[in-house]
Amino acid sequence: MQTQPPSRTQENVGQDGRTGGDLLTLRDVCRDFTTKSGVTHAVSHVDLTIQDGEFVALIGRSGCGKTTILRMIAGLLTPTSGRIEIDGRSLWQGGRVDSSVIRKLGVVFQEANLFPWYSVLENIALPLRLCGMSTKQCHARAAELAGLVGLKGFERSYPRELSGGMRQRASIARALSCDPELLLMDEPFGALDALTREHMNIELQRIALETKATVVFVTHDIPEAVFLADRVVHLTPRPGRIKQIMAIDMPKPRGIDVQTAPEFGEIIRRLRIDLNQEA
Ligand SMILES: Nc1ncnc2c1ncn2[C@@H]1O[C@H](COP(=O)(O)OP(=O)(O)O)[C@@H](O)[C@H]1O
Ligand SMILES: [Mg+2]
């Protein structure tokens with residue numbers, strides 16, 4: 001069990017000059033919801049530091065605060081107390097989100113949320129257009145991203161013509177379009193069948209390694225979390241807090257056969273036991 005990421009050292013400096021330093025910090029973050037039936041402590045005293053290029057999975061039972069944490073990091077929800085920093089800058093300033101920080105983020109939800117009247121290319125290009133890039137540049141970049149997520153040849157298709165997995169690839173490409181430093185994903189493959197999900201896990205691992213994006217990935221699927229993550233954060237409900245953080249030291253890229261390795265099975269078993277203790 002490990003509660004802190006590896007320390008920042010000279011060896012962490014890659015050829016591209018990235019340092020592997022801290023990218024995202026949650027300091028004593030709390031979020032309450034007040035409803036007619038009372039106050040829910042959805043997120044309680046969460047401290048977490050995520051390094052540049054790290055892939056962190058948040059797991060836990062339904063209602064343990066995973067989505068609430070992700071929405072706060074995405075700037076969609078204010079913390080009741082505590083502080084969130086991205087690249088050393090506070091995300092929330094006096095109840096308002098710092099727009100320069102928000103530009104560093106890409107978000108993918110369970111549903112692909114594509115615009116049905118736009119083609120795949122236009123959907124991927126949309127954030128670029130909103131940033132003021134020329135149509136020609138937008139389309140060139142969007143075509144590159146379509147290739148990255150395995151949608152080459154489908155650029156002119158419309159969302160209704162695609163499978164669920166393909167739609168989700170398009171939404172990942174869209175989230176990557178502005179070169180986010182931090183990719184936030186809330187159960188992105190939850191609506192997919194098991195085989196497509198397995199394939200998407202392999203693809204996401206490849207994309208994350210290629211783009212060197214830092215990823216916070218919410219899932220309630222333990223094998224998915226262990227397969228993808230450098231660290232798995234286990235949250236417990238009511239109040240939602242971190243129970244443990246487990247480092248997954250298996251080298252990357254991981255092939256699907258890693259799932260049959262005894263080490264993989266042992267990690268899953270330990271996490272399952274911990275989660276079942278909450279039942
Ligand atoms: N907008 C809201 N209003 C009231 N309660 C909420 C709201 N959003 C989430 N909650 C409550 O906060 C807790 C955590 O929810 P959530 O973050 O969605 O959990 P998870 O994503 O882990 O399933 C739950 O008890 C949920 O009912
Ligand atoms: Mg959720």
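Start with strand S8, residues 105-108, in this predicted model. Of everything that lines the second largest pocket, S8 gives the most, with four residues. Color the strand brightly so you can find your way back.

Now fill in the rest of that pocket. Select helix H3 (120-130) and helix H5 (164-176), which each supply at least two residues of the lining, as S8 does. The space in here comes to about 490 Å³. Altogether 23 residues line the pocket, and the ones closest to its centre are Leu105, Gly106, Val107, Pro127 and Arg174. Show those five as sticks and zoom in on them.

What classes of residue make up the lining of this pocket? You'll find 16 nonpolar residues, four polar ones and three charged ones. Next, give the two domains separate colors: domain 1 is 22-104 plus 180-276, and domain 2 is 112-179. Each of these domains puts at least three residues into the lining of the second largest pocket.

Time to move on to ligand 1. Select Phe33, Thr35, Thr40, Ala42, Arg61, Ser62, Gly63, Cys64, Gly65, Lys66, Thr67 and Thr68, and you have the shell that surrounds the ligand. By class, that shell splits into three nonpolar, seven polar and two charged residues.

Which elements does the shell draw on? Strand S1 (22-35), strand S2 (38-51) and helix H1 (66-73) each supply at least two of its residues. H1 gives the most, with three.

Keep ligand 1 on screen and check some distances to its oxygen atoms. Click on glycine 63: a polar backbone atom there is 2.7 Å from an oxygen of the ligand. Go on to cysteine 64, where a backbone N or O atom lies 3.2 Å from a ligand oxygen. At lysine 66, look at the side chain instead, because that is where a polar atom sits 2.9 Å from an oxygen of ligand 1, inside the 3.5 Å cut-off for a polar contact. Then switch on the surface: the protein covers 65% of the 560 Å² of accessible area that ligand 1 has on its own.

Now for some backbone oddities. Stay with S1 and select aspartate 28, which lies in that strand. Its phi is near 50°, a positive value in a residue other than glycine.

Next, jump to the loop between strand S11 (231-236) and strand S12 (241-247), where you'll find proline 239. Is the peptide bond leading into this proline, from arginine 238, cis or trans? That bond is cis, with omega near -5°.

For the last stop, follow the chain past S12 into the loop that comes before helix H8 (262-276), and pick out proline 253. Show lysine 252 as well: the peptide bond from this lysine to proline 253 is cis, with omega near 0°.

Terms used: Residues are numbered from 1 along each chain as its sequence is written. Chains are lettered from A and ligands numbered from 1 in the order in which they are written. This is a predicted model: local features need pLDDT of at least 70, side-chain atom pairs count only at pLDDT 80 or more; totals for chains, interfaces and linings use all residues. Side-chain values use heavy atoms; hydrogens and water are left out. A residue is near a molecule or strand if one of its heavy atoms lies within 4 Å of it. A polar contact is a pair of N or O atoms within 3.5 Å; within protein, one must be able to donate a hydrogen and the other to accept it, and residues adjacent in sequence count only if both atoms are side-chain atoms. Accessible areas come from the Shrake-Rupley method with a 1.4 Å probe; for residues, only the protein chains shown count as cover. Ala, Val, Leu, Ile, Met, Phe, Trp, Tyr, Cys and Pro count as nonpolar, Asp, Glu, Lys and Arg as charged, and the others, Gly among them, as polar. On a 1 Å grid over the protein atoms alone, a cavity is a set of points where a 1.4 Å probe fits but cannot get out, and a pocket is an open set with protein on both sides within 12 Å along at least five of seven lines; lining residues have an atom within 4 Å of a point. Grid points are joined across faces, edges and corners, and a volume is the space filled by probe spheres set on the points. Domain bounds come from an automatic or database domain assignment.
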